[in-house]
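Good morning, colleagues. I would like to take a few minutes to present one structure and its salt bridges. Please look at the sequence and the model as they appear.

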Amino acid sequence: MPLDFTKHFIVVPTECKLRNNTSCSWRVTVKLMNRVTLDQGWATYAAVHQIKIVYMVAFKILTPDTLKVIIFDDDDVEVVNKCGKHDKAFVAKD
């Protein structure tokens, strides 16, 4: 994500929850470099939710540490994925 995304946070969290359109929650770490990078947990999230390279992913801030993830396929249709098998290390507890 672009570095300008940080202006929407009082403090950029080092960890946040990703929530999709089926209310599945997933924990990822956040790193600041030349941009905002979702680090540990993101690759597994992308694999479980079958995000392909041609898909567009949008993020909406729900709380200071929770982002809603909206996934669009290559036809610009929102993808609705029920969470498959979770990696227990990254599942967020509500």
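**Confidence and salt bridges**

Averaged over the chain, the pLDDT is 82, and 86% of the residues reach 70 or more. I should say at once that this is a predicted model. Where pLDDT is low, the predicted coordinates should not be read in detail. Among the elements of the chain, strand β5, residues 66-72, has the highest mean pLDDT, at 92. The lowest mean, 85, belongs to strand β3, residues 36-38.

Let me turn to the charged side chains. How many salt bridges does a search of the whole structure find? The search returns 2.

I begin with the pair formed by arginine 27 and glutamate 15, whose closest N and O atoms are 3.7 Å apart. Arginine 27 belongs to strand β2, residues 25-32, and glutamate 15 to strand β1, residues 15-19, so this salt bridge ties together parts that are 12 residues apart in sequence. Are these two residues buried or exposed? Arginine 27 is partly exposed, with a relative accessible area of 28%. Glutamate 15 is likewise partly exposed, and its relative accessible area is 37%.

The other pair joins lysine 31 to aspartate 39. Here the closest N and O atoms are 3.3 Å apart. Lysine 31 has a relative accessible area of 41%, which makes the residue partly exposed. Aspartate 39, at 29% relative accessibility, also counts as partly exposed.

To close, I would ask you to keep in view the two pairs: arginine 27 with glutamate 15, and lysine 31 with aspartate 39. Thank you for your attention.

Terms used
Residues numbered from 1 in each chain as written. Predicted model: local features only at pLDDT ≥ 70, side-chain atom pairs only at ≥ 80, totals over all residues. Heavy atoms only, no water. Salt bridge = Lys/Arg side-chain N within 4 Å of Asp/Glu carboxyl O. Helix = DSSP H or I, 4+ residues; strand = E, 2+ residues; numbered from the N terminus. Buried < 20%, exposed > 50% of the residue type's maximum accessible area, 1.4 Å probe, protein only. pLDDT = per-residue confidence, 0-100.
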